[in-house]
Amino acid sequence: MKSLITRLIFTVCTTAMFALPAQAEPIAKVMVLDYQLNDMTDLPNAPEELERIAYLSSTYKQRLADNGVELVPVNEALKNAVANQSPTYLFDNVPNAAKMAEGGGADYLLIGVALKPTYLFVYPRILLVDIKTAEVVMARAAQLESSWSDQNTTRRTAEKLADMVTEELKVLTAN
């Protein structure tokens with residue numbers, strides 16, 4: 001009988017231990033746009049650069065999710081704006097972007113633009129926008145100085161930016 005009770009307690013404890021992380025609340029619900037490339041060089045939008053920016057976006061989103069941020073799907077209004085406007089349109093028009101994100105189930109909107117003013121550097125810039133107030137609650141940038149084939153630097157930059165966002169979301173949601 002004592003062995004049965006011990007096994008029962010062990011089973012309950014291990015089940016609870018593995019079930020608790022799955023039931024944890026997300027840090028925040030965020031609609032995350034892919035980085036848009038704002039290439040100001042003489043030969044804009046090289047396929048290799050577009051590939052690097054796509055990798056930056058996917059790594060960034062994965063790190064946010066790994067950090068406990070709930071990623072909300074981007075709605076059609078924002079997808080349409082990304083497809084039909086300049087790469088900086090939403091970044092430069094935060095109130096419009098927040099309005100487009102309303103009703104999508106997210107508390108925050110993350111807008112990213114990768115500015116490429118020269119062949120040597122790319123500056124991934126982000127705005128974290130409170131959708132309810134249409135206010136920027138965090139603005140950050142990083143310098144990505146590497147060959148477009150250097151995935152390690154791109155990955156580290158994406159992770160660094162995602163970690164900054166995560167920490168800011170923790171502060172914002174703690175209040």
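**Exercise 1. A residue in the turn of a hairpin**

At 23% relative accessibility, does Ala-134 count as buried, partly exposed or exposed, and what is the reason?

*Solution.* The structure is a predicted model, and the exercises below work from its atoms. Begin with the place of the residue: Ala-134 is found in the loop between β5 and β6. Next, take the cut-offs, since buried means under 20% relative accessible area and exposed means over 50%, with partly exposed in between. Because its relative accessibility is 23%, Ala-134 counts as partly exposed.

Now turn to the strands on either side of that loop. Strand β5 (residues 123-130) and β6 run antiparallel and are joined by six bridges, and Val-129 stands opposite Val-136 in β6. The hairpin of β5 and β6 has four residues between the strands, and in this hairpin Ala-134 takes a positive phi near 60°. Most residues other than glycine have a negative phi. Ala-134 is not a glycine, and yet its phi is positive, at about 60°.

**Exercise 2. Another positive phi**

Find where Asn-45 lies in the chain, and describe its backbone and its accessibility.

*Solution.* First, locate the residue, which is found in the loop between β2 (36-39) and α2. Then look at its backbone: although Asn-45 is not a glycine, it has a positive phi of about 60°. Finally, because the relative accessibility of Asn-45 is 38%, it counts as partly exposed.

**Exercise 3. The make-up of the whole protein**

State how many helices and strands the protein has, give their order, and describe the protein by its burial and its contacts.

*Solution.* The count comes first, and it gives six helices and six strands. Read from the N terminus on, the elements run α-β-β-α-β-α-α-α-β-β-β-α. For burial, 38% of the 175 residues of the protein count as buried. For contacts, consider those between residues at least 6 apart in sequence; of these, 65% join residues at least 24 apart.

**Exercise 4. The partners of strand β1**

Identify the strands with which β1 pairs, and say in which sense each pair runs.

*Solution.* Take β3 to begin with: strand β1 (residues 29-32) and strand β3 (residues 70-72) pair in the parallel sense over three bridges. Within this pairing, Met-31 has Val-72 in β3 as its bridge partner. Continue with β4 (residues 108-116), which also pairs with β1 in the parallel sense over three bridges. Here Val-30 stands opposite Tyr-108 in β4.

**Exercise 5. Two helices that meet**

Work out how α3 and α5 are oriented to each other, and which kinds of residue make up their contact.

*Solution.* Start with the axes of helix α3 (residues 76-84) and helix α5 (residues 94-101), which come within 8 Å and cross at roughly 140°. An angle over 145 degrees would count as roughly antiparallel, and 65 to 115 as roughly perpendicular; the two helices are therefore oblique to each other. Next, list the residues that meet, namely Ala-77, Leu-78 and Ala-81 in α3 with Ala-97, Met-100 and Ala-101 in α5. The residues of this contact divide into six nonpolar, no polar and no charged.

**Exercise 6. Three buried residues**

For Ser-57, Thr-157 and Ser-146, give the place in the chain, the burial and the contacts beyond the neighbours in sequence.

*Solution.* The place of Ser-57 is in helix α2 (residues 47-66), and because its relative accessibility is 3%, Ser-57 counts as buried. Leaving aside neighbours within four places in sequence, Ser-57 is in contact with Asp-34 and Tyr-35. The side chain of Ser-57 reaches the backbone nitrogen of Tyr-35 at 2.8 Å.

Thr-157 lies in helix α6 and counts as buried, with a relative accessibility of 8%. When residues up to four places away in sequence are not counted, Thr-157 touches Leu-56, Pro-124, Ala-142 and Leu-144.

Ser-146, by contrast, is placed in the loop between β6 (135-141) and α6 (151-174), and it is buried, with a relative accessible area of 16%. Residues up to four places away in sequence again left out, Ser-146 touches Arg-52, Leu-120 and Thr-153. As a last step, consider Tyr-119, which is 27 residues from Ser-146 in sequence and 9.9 Å from it in space, C-alpha to C-alpha.

How values were computed. Residues are numbered from 1 along each chain as its sequence is written. This is a predicted model: local features need pLDDT of at least 70, side-chain atom pairs count only at pLDDT 80 or more; totals for chains, interfaces and linings use all residues. Side-chain values use heavy atoms; hydrogens and water are left out. Buried means under 20% relative accessible area, exposed over 50%, partly exposed in between (1.4 Å probe, protein chains only). A polar contact is a pair of N or O atoms within 3.5 Å; within protein, one must be able to donate a hydrogen and the other to accept it, and residues adjacent in sequence count only if both atoms are side-chain atoms. Contact means heavy atoms within 4.5 Å. Two strands pair if DSSP finds at least two bridges between them. Axes are lines fitted to C-alpha atoms, for helices over the stretch in contact, and angles run from 0 to 180 degrees between N-to-C directions. Angles under 35 degrees count as roughly parallel, over 145 as roughly antiparallel, 65 to 115 as roughly perpendicular and the rest as oblique. Ala, Val, Leu, Ile, Met, Phe, Trp, Tyr, Cys and Pro count as nonpolar, Asp, Glu, Lys and Arg as charged, and the others, Gly among them, as polar.
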